[in-house]
Amino acid sequence: MEAGTASEHGERVARLYREFGPAVYRRCLRLLRDRDAARDATQEVFVRLVRDIGKLADRETALPWIYRVATNHCLNLRRAARRHRDEPLDGGLDVAPAARDAFPERRLAREVLARFDVQTQAIAVGVLVDGMEHEELAGALGISRKTVHRKLARFLDSARTLLGGRE
Amino acid sequence: MSRCPSDLELERHLLASGATALAPHLAGCPRCAARLDEMRREGEEFQREVFPATVDAVVARTRPGRLVRVPRWTLAAAPLAAAAAAALFLVGRPPRDYVGAKGGELSLAVFVQAPDGARAAADGTSVPASAAVRFQVRPAHPCQLWVVSVDAAGQVSRLYPASGDAPAHVAQAGALPGGAVLDGRAGPERIFAVCSAAPLTFPDVERAAHDAAGGGEARVRAGARLTGLPPDAAQATLLLEKRL
């Protein structure tokens, strides 16, 4: 947070919020499937982003970081909602078309997702829901491509095991 | 591009106002074009409904120095604080209830305004949620000082220096100018003092404080040591329990 008067700070934050807020909101809406929850989450995520406001200066590097913070926050909300059994956010995630053959059942995907840590969830969502390439996802999450591959493989193994147990 | 772009790539496209290499693919892929239209609509929804409803709260919650400076009380209490400081430092080491950094490189004292004058707060002291406080440090060497606090909501407040983009140079023990009024909300608030040879930026200290103690009351009370700072950065911390 840089020095300046309260009004300078407010103007700067408002400008950044107007510029990057839509990306945060879209990400939250995509993951939460609830407009009110997405609006609240957008506010929370942006407050977190402003704590490191310098990172928002470079659009190219800012976007993957925004994606990561928003994804982790919203997946945590989903986990919390599930834990408390109110599950208002569980409206379902749309599996990317390219992933449907490899992993056909959305409901099962959600159930399996809930068994993993947030990073694995973010990887599974990135690949299966967003249709991201491993390399792109690794860059967005700040981890190695190898980690993406390893955690996704573990996730899919568990999913297949669960699927097999139901057939 | 033959494959369909991810949402992140579409976000880049939107941020660049459509000036990316995705344009040819989007022109020939109805599914991606539909997704982009959906994202545009959601962006308009943000600008129309979400932004106006939340921008004030976002600005307020991120404003530096959420705790308010109290120069009037500072002036009144200065002699008391100075007397307390003298008592502390004359004995050569802090009393048992005085919390400083391991290794003695930096000590921090927090003084709380009370009807009978300022009193030094021990670690974990219960204080009125709207108490006026001020700070005193004792560095082992001249250094560049930041004082910040973290509450249970993970909010990091900048306490000293209250303005400017650089830390304050301190060379000897003493009470810090200014002070703060706690925010009136019950719960733990952990104060960190960080002093380094080379000046740190506030975002560096803010991030370290948030990572160490942000994220719930238990983390604030546990008060992990700040990490990710230069090895020479001395630090001290003290916990206040705000009560209504």
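In the predicted model, Q144(B) of strand β5(B) stands opposite S196(B) in β10(B). The two strands, the latter spanning residues 187-196 of chain B, pair in the antiparallel sense over eight bridges. Strand β5(B) also pairs with β6(B), residues 156-160, again in the antiparallel sense, over four bridges; within this pairing, V147(B) stands opposite Y160(B). Four residues separate the strands in the hairpin of β5(B) and β6(B), where G154(B) adopts a positive phi near 85°. A further antiparallel pairing, over three bridges, links β5(B) with β7(B), residues 168-170, and places L145(B) opposite A168(B). Strand β5(B), which comprises residues 143-151, is largely enclosed by the rest of the structure, because eight of its nine residues are buried.

The surroundings of these strands include the largest nonpolar core, which contains 50 residues. The members that touch the most other members are L108(B), V110(B), V147(B), A193(B), V194(B), C195(B) and A209(B). At least two residues of this core are supplied by each of β1 (106-114), β2 (117-120), β4 (132-139), β5, β6, β10, α5 (202-213) and β11 (234-243) of chain B. For A193(B), contacts beyond the neighbours within four places in sequence are made with L106(B), L108(B), V137(B), L145(B), V147(B), Q235(B) and A236(B). Another core, of 49 residues, lies apart from the largest one and includes A38(A), V50(A), Y67(A) and V127(A). In soluble globular proteins, nonpolar side chains tend to be buried together.

Elsewhere in chain B, helix α1(B) covers residues 7-15, and its buried residues include D7(B), L8(B), E9(B), L10(B), E11(B) and H13(B). The helix is followed by S17(B), which has a positive phi, near 55°. Residue P230(B) is located in the loop between α6 (217-222) and β11 of chain B. P230(B) counts as exposed because it has 11 C-beta neighbours inside 10 Å, the limit for an exposed residue being 12 or fewer. Leaving aside neighbours within four places in sequence, P230(B) is in contact with S196(B) and A198(B). Its C-alpha atom is separated by 9.1 Å from that of A197(B), with the two residues 33 apart along the chain.

Between the chains, 35 residues of chain A are in contact with 33 residues of chain B. On the side of chain A that touches chain B, two or more residues are given by each of α1 (6-32), α2 (35-50), α3 (59-83) and α6 (134-141) of chain A. Helix α1(A) gives the most, with 14 residues. By residue class, this side of chain A divides into 18 nonpolar, seven polar and 10 charged residues.

Chain A has an average pLDDT of 77, and 75% of the residues score at least 70. The pLDDT falls below 50 over residues 86-93 of chain A, a stretch that has 26 contacts in the model beyond near neighbours in sequence. It is likewise below 50 over residues 95-105 of chain A, for which 19 contacts beyond near neighbours in sequence are present in the model. Where pLDDT is low, the predicted coordinates should not be read in detail.

Notes:
Residues numbered from 1 in each chain as written. Chains lettered and ligands numbered in written order. Predicted model: local features only at pLDDT ≥ 70, side-chain atom pairs only at ≥ 80, totals over all residues. Buried ≥ 20, exposed ≤ 12 C-beta atoms within 10 Å, placed from the backbone. Pairing = 2+ DSSP bridges. Contact = placed C-beta atoms within 7 Å. Nonpolar A, V, L, I, M, F, W, Y, C, P; charged D, E, K, R; others polar. Core = buried A, V, L, I, M, F, W, Y, C linked by C-beta atoms within 7 Å. pLDDT = per-residue confidence, 0-100.
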